[in-house]
Amino acid sequence: MINTPSCDVAIAGGGLAGCLIALALAERRPDLDVRIVEAGERLGGEHIWSFFDDDVAPDHRWLVDPLICQSWDGYDVHFPAHSRSLPGVYNSILSARLDKWVREVLPAERIIHGMVATLDHAHIRLEDGSSIVAPLIIDARGPGSMAALDLGWQKFMGQLLRVQGGHGLSRPIVMDAKVAQIDGYRFVYCLPFDEDHVFVEDTYYSDTPTLNPEALRGRITEYASRRGWVVSDIGHEETGCLPVAMGGHFDRFWATGGQGARAGLRAGLFHPLTGYALPDAVRTAIAISDAPLLETGPVSTLTKTQARAAWADRRFYRWLTRMMFRAAEPPVRYRILEQFYTRDEELIARFYAARSTLADKMRILSGKPPVPITRAIKALAGR
Ligand SMILES: Cc1cc2nc3c(=O)[nH]c(=O)nc-3n(C[C@H](O)[C@H](O)[C@H](O)COP(=O)(O)OP(=O)(O)OC[C@H]3O[C@@H](n4cnc5c(N)ncnc54)[C@H](O)[C@@H]3O)c2cc1C
């Protein structure tokens, strides 16, 4: 049966970006009928998203604060040559909380479980033959074609471990690179959710997007046992493969994207080196909720302008990514981050937030290069 409801805003994809837009509109434009079409059972899938306080502007915090499940004051990094404790509040959002919160804020009939087959500037057509008509169609279905971009991958598996007698960590380890270097730059990331539970993620900056889940599970077990942890239970497990960008053509990328207004990874909005997308998703959601005319044409222009400006502004991070992938042999890629983490705290915070100043960039590139200089020059020149 063909079912054609009309609403004010229809969002294809109830992941991070789509849900944040729906939440921002619900707060700022409660008069609007906003619908989300999500293929999965749960909005947001199976993810833990983390961010530093500095990554989100103070006047945008109202959007993410209700979603935060845990915050820690400070974090640690470990490299072969040094370890360091850094300040800065680190926050984590669990997708289960996002799902719950969106279902509290939006009436149930506005969350549509279904697979989008096609969309254009005014319609979403679902695979079951139904369609939705709206003046504003937003495409937030996660990454589309990225063939126009020169990418590497940050891939990982995470497991929530229950450790008998406690794991002894009081703050996150954002990078523990004192592990065997395999398949590029490898590090382990740990989030201690309570005394007994720690989320452990085995992560690789790799040339390939393929994951071997069994091998990664084995390495998490090995890491836990090396730390002396006796694991009594394994809970939530997640895998991910995030694009990290070394270069590419923004306009060609955008041209392959279809007709809706685009948000999130679909708009190419992510940090080129960390692959993180939450700070951009927050900015996009706020900008859409502030837009004077909620129609596909103007909102598409708005998100394209935001994505293009981010692309232009982030060349430096693409250079660094290129240096890591192209100038350093995989077993010594970690040295780039090892050197980066000797820099001053505020520079590091601005880097994560993709707000590095010119002085920061010069500082990051100063000193003895951690990779062969001729290869670094070739990588920076794009060769
Ligand atoms: C495991 C993991 C952990 C991450 N951790 C962080 C982090 O800590 N911090 C950070 O900033 N970034 C993180 N990222 C990167 C980035 O923030 C996420 O990928 C983020 O979820 C991207 O948001 P998005 O809305 O663009 O895509 P997604 O969140 O992937 O949302 C896309 C949604 O669209 C749905 N969909 C796709 N196709 C269709 C269709 N045809 N019909 C209907 N629905 C469809 C999907 O089911 C999905 O729910 C992580 C990524 C992953 C994979």
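The crossing of helices α1 and α3 is left-handed, a term used when the near helix is turned anticlockwise from the far one by less than a right angle, with right-handed used if clockwise. This is a predicted model, in which local features need pLDDT of at least 70, side-chain atom pairs count only at pLDDT 80 or more, and totals for chains, interfaces and linings use all residues. Residues are numbered from 1 along each chain as its sequence is written.

Helices (H or I, at least four residues) and strands (E, at least two) are DSSP runs, numbered from the N terminus. In the table, axes are lines fitted to C-alpha atoms, for helices over the stretch in contact, and angles run from 0 to 180 degrees between N-to-C directions.

| Helix pair | Angle | Axis separation |
|---|---|---|
| α1 and α3 (residues 95-105) | about 35° | 10 Å |
| α6 (residues 278-290) and α7 (residues 296-313) | about 150° | 11 Å |

The angle makes α6 roughly antiparallel to α7, a label for angles over 145 degrees, while those under 35 count as roughly parallel, 65 to 115 as roughly perpendicular and the rest as oblique.

In the first pair, C19, A22, L23 and A26 of α1 meet L98, V102 and V105 of α3; contact requires C-beta atoms, placed from the backbone, within 7 Å.

The ligand is surrounded by 32 residues, of which G13, G15, G240, G264 and Y276 come nearest; a residue is near if its C-beta atom, placed from the backbone, lies within 6 Å. Domain 1 (9-69 + 90-147 + 247-313) and domain 2 (149-245) both contribute to this shell, so the ligand lies between them; the domain bounds come from an automatic or database domain assignment.

Definitions and conventions: Contact = placed C-beta atoms within 7 Å.
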